Amino acid sequence: MSGKDELVGIRTAALGKVQAAESSAQLDEIDTQYLGRKGELTLQLRRIGSLSQDERKDFGQSVNDIKAELSEAIAQRRQALDAGESKAKLAAEAVDVTLPGRFYQTGRPHILIETIEKIKRIFIGLGYEFVETPEIEDYKYNFEALNYPPEHPAMDEQMSFYINDDVLLRTHTTAYQHRVMPYRKPPMRVATIGKTYRYENVDATHGHTFHQVDCFAIDHDISLTDLKGTIQQFAVEMFGMDVNVRFRPDFFPFVEPGAEFAVTCFLCKGEGCGVCKGSGWLELGGAGLIHPNILEKAGIDSEEYTGFAFGFGIERMPMLEHGIKDLRLFMENDLRFLRQL
Ligand SMILES: [Zn+2]
């Protein structure tokens, strides 16, 4: 093979490798292989000595031309690779500002807590002080001090969670009365709100754990009118509309007279609907004037002072408002339920 043919072969192979190179490191290798001190093209120049005078100039020129061409090709390929790399880097780091943001789930109060907070705000606005008393309660506060006769069915072990003969889970928040009354002087307006417990078979409308609010006021000349006005004012603020209050006689050992109270149905505004069973009224709870025995037991002169007391369940309000049919949903913490409220 003549020197010229060999040069053409080297040139073709070298340029082909340059085009196929995928990295700077590969280009460095090609550079060394052909243009280095012991590179293939450099070695070709050493053949000049064996050539005729005429051929030398021409051959030397050809080798140098190929070296220059290869250097240029390597430089261009290097530039192209660098551009490609930075383009890929830019693409990897790119931020698409049109993408929707990440959705972070935020917590919020449980529907019962919201209801409790609203009820508290209203009664605090009406001058009531909220107190907390034990959920694990003495028998005497839960029943005895509240004038329950010994044979009252509520005291039956079958209806309550007894811890021992003298201690049980309170069956109503009314148990707070004698934890407060004997230690204060009238006038007083005190309320409590919290959990109560009954030994019930659990179903959609019966739970073993539920919430109640209880309020009482003691002062000179407290009458049923004050009681009715207080409940009415509460209901107006709670349901955001004009509400009437209806009393019907009922018996609770700690009030005399006692009544169950109902308010205008806030869903149909008293016209009658499925929820109020066409009556236009929603029964909420029990109320009455504090029994003189209760006042006397607390060291309050029942000739000088009178008082009223009332209480009602909490769960019923969001159940009515949102059409919730199953009491158990409040305690199960199922997000599919909670997210709807
Ligand atoms: Zn109604």
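# Walking through a sheet and a zinc site

Q: How many bridges join β8 to β9, and which way do the two strands run?
A: This is a predicted model, so everything here is computed from it. One pair of residues shows the contact: A287 stands opposite F310 in β9. Counting along β8 and β9 gives five bridges, and the direction is antiparallel.

Q: In what order do the strands of the open sheet lie?
A: The sheet is open and has seven strands, and its pairing is mixed. Its edge strands, which each pair on one side only, are β1 (129-130) and β6 (245-249). Going across from β1, the order is β1-β4-β5-β9-β8-β7-β6.

Q: Over how many bridges do β5 and β9 pair?
A: In the sheet order, β5 and β9 sit next to each other. One opposite pair is D219 and T306, with T306 in β9. The two strands pair in the antiparallel sense, and the count of bridges is eight.

Q: Which residue in β5 is the bridge partner of M188?
A: Strand β4 covers residues 188-197 and strand β5 covers residues 209-219, and 10 bridges join them in antiparallel fashion. M188 finds its partner in β5, and that partner is I218.

Q: What is the bridge partner of P249 in β7?
A: Let's look at the other end of the sheet. β6 and β7 run antiparallel and are joined by five bridges. A hairpin of five residues links β6 to β7. For P249, the partner in β7 is A259.

Q: What angle does helix α5 make with β5?
A: Helix α5 (residues 111-125) packs on the sheet. Its touching points are β1, β4, β5 and β9 (306-313). Compare the direction of helix α5 with that of β5 and you get about 5°.

Q: At what angle to β9 does helix α8 run?
A: Helix α8 takes in residues 224-239. It lies across β6, β7 (255-264), β8 (281-290) and β9. Relative to β9, helix α8 runs at about 35°.

Q: Is T230 buried or exposed?
A: T230 lies in helix α8. Leaving aside neighbours within four places in sequence, T230 is in contact with L126, Y128, F308 and F310. Its relative accessible area is 14%, and the cut-off for buried is under 20%. So T230 counts as buried.

Q: How many of the eight residues of β9 are buried?
A: We've met β9 as a strand that helix α5 touches and that helix α8 lies across. β9 is mostly covered, and the number of its residues that are buried is six.

Q: Why is the arrangement around the zinc ion given a name, and what is that name?
A: The zinc ion has protein donors C265 (SG), C268 (SG), C273 (SG) and C276 (SG), at 2.2 to 2.3 Å. In sequence, these donor residues follow the spacing C-x2-C-x4-C-x2-C. Four donors get this name if all angles lie between 85 and 135 degrees. Here the angles are 102 to 117°, so the arrangement is tetrahedral.

Q: Is C273 buried, partly exposed or exposed?
A: Start with another zinc donor, C265: its relative accessible area is 0%, so C265 is buried. C273 comes out at 22%, and buried needs under 20% while exposed needs over 50%. Therefore C273 is partly exposed.

Q: How many Å separate the centres of domain 1 and domain 2?
A: The protein is divided into domain 1 (3-93) and domain 2 (111-338). Taking the centres over C-alpha atoms, the separation is 96 Å.

Key
Residues are numbered from 1 along each chain as its sequence is written. This is a predicted model: local features need pLDDT of at least 70, side-chain atom pairs count only at pLDDT 80 or more; totals for chains, interfaces and linings use all residues. Side-chain values use heavy atoms; hydrogens and water are left out. Donors are N, O and S atoms within 2.8 Å of the metal (3.2 Å for Na, K and Ca); water is not among the atoms, so sites may look incomplete. Four donors count as tetrahedral if all angles lie between 85 and 135 degrees; four count as square planar and six as octahedral if opposite donors are over 155 degrees apart and all others between 65 and 115; anything else is irregular. Buried means under 20% relative accessible area, exposed over 50%, partly exposed in between (1.4 Å probe, protein chains only). Domain bounds come from an automatic or database domain assignment. Two strands pair if DSSP finds at least two bridges between them. Helices (H or I, at least four residues) and strands (E, at least two) are DSSP runs, numbered from the N terminus. Contact means heavy atoms within 4.5 Å. Axes are lines fitted to C-alpha atoms, for helices over the stretch in contact, and angles run from 0 to 180 degrees between N-to-C directions.
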